[in-house]
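Let's take a walk through this protein together, one region at a time. Have the structure open as you read, and turn it around whenever a new part comes up.

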Amino acid sequence: MPNVIEIRHLTKTYGKCRGVSDVSFQVAKGDIFGFLGPNGAGKSTTIRSMLGLIRFQRGSIRILGKDIRTDREGILREVGYLPSETMFYPKMRVKDLLRMAADVRKKDCRKEAGKLCQRLQIDVDKKISDLSLGNRKKVGIVCAMQHRPKLFVFDEPTSGLDPLMQNEFFKLVQEYTAEGATCMLSTHVLSEVKNYCKNTAIMKEGKLLCVDSVANITRTSAKRVKLQREGRQESYLYEGDINELVRGLAGHDIQDILIEEPSLEEIFMHFYTPDAALRQEGEGSPAGRQEDATM
């Protein structure tokens, strides 16, 4: 399957301020690709470099087989982009804004826009200034989708949307990708990555920490152990032979115990902490080193 996005050794600096350094990854056609990282990790810099909105110093970016340095206009015709914050002319009505966005692309998008507005429950006769944050975000989604691009690039698309609209948005994404489109989803909502993305890249402080399938990243032998003993509640991560854990707890006054998979947040957070690996804690101690000892 051909790659829709190919980024090689991307480096962009802002003087003494951090940008991104030596970032390389690729996104296959039809993928919903997660792009994770906290604020300041370099996600927006990478996306803006991909779309030719800023110039980068080193590396290469190819989108849909074209070089962003030499064929930016050709690339942008086939891309639908939703920035994290949408800004529109406040006095325009929604229907006029959608028509203007279609005219810029020299396409008749009325049928697709009508379908999207119905699915997302948008009142096209309202002025932008009368819309809530969530409804402005929905208008931005329609602008990004109505021309049926080959590549969607969404930056925090569900912020401001209620849960029903979040579900509807992802249904639309899945429908378009099933028809051959590709989606790059920049988000900090881990459940979105787990539920909808096949592969993901994780950024930290301008550098790429990991590119892998979501299944591989979330696969771990670590367990979250919660127990109550000797009048005290304890909680810690344990990675190792579960039989050793049981033997280590033998002889202790255990009133209650729960052994479960670590949360998705715990799995991803190990990429951002100095002592990164999920590990056995306590070297054989039945309780190990406690985390969140008071539950």
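We can begin with two helices, keeping in mind that this is a predicted model. Helix α5 covers residues 133–145 and helix α6 covers residues 163–178; they pack at an angle of about 5 degrees, and their axes lie 12 Å apart. An angle under 35 degrees counts as roughly parallel, and α5 and α6 are therefore roughly parallel to each other. Which residues make the contact? From α5 come K138, I141 and M145, while α6 brings M165, F169, L172, V173 and Y176. Sorted by character, the residues of this contact are seven nonpolar and one charged, with no polar ones.

Next, look at the nonpolar side chains. In soluble globular proteins, such side chains tend to be buried together. Here the largest nonpolar core has 40 residues, and the members that touch the most others are L98, V139, V142, M145, F154 and F169. Try zooming in on F154: leaving aside residues up to four places away in sequence, F154 touches L82, A144, M145, F169, V173, C183, M184, L185 and S186. There is also a second, separate core of 25 residues, which includes I7, V27, F35 and M184.

Finally, find the open sheet of three strands, arranged in the order β12-β11-β13 with antiparallel pairing. The edge strands, β12 (232–238) and β13 (254–260), each pair on one side only. From one strand to the next, the twist averages 15 degrees. Strand β11 (residues 223–229) pairs with β12 over seven bridges, in the antiparallel sense. To see one such match, pick R224, whose bridge partner in β12 is L237.

Key. Residues numbered from 1 in each chain as written. Predicted model: local features only at pLDDT ≥ 70, side-chain atom pairs only at ≥ 80, totals over all residues. Heavy atoms only, no water. Core = buried A, V, L, I, M, F, W, Y, C linked by side-chain atoms within 4.5 Å. Buried < 20%, exposed > 50% of the residue type's maximum accessible area, 1.4 Å probe, protein only. Contact = heavy atoms within 4.5 Å. Axes fitted to C-alpha atoms, helices over the stretch in contact; angles between N-to-C directions. Helix = DSSP H or I, 4+ residues; strand = E, 2+ residues; numbered from the N terminus. Parallel < 35°, antiparallel > 145°, perpendicular 65-115°, else oblique. Nonpolar A, V, L, I, M, F, W, Y, C, P; charged D, E, K, R; others polar. Pairing = 2+ DSSP bridges.
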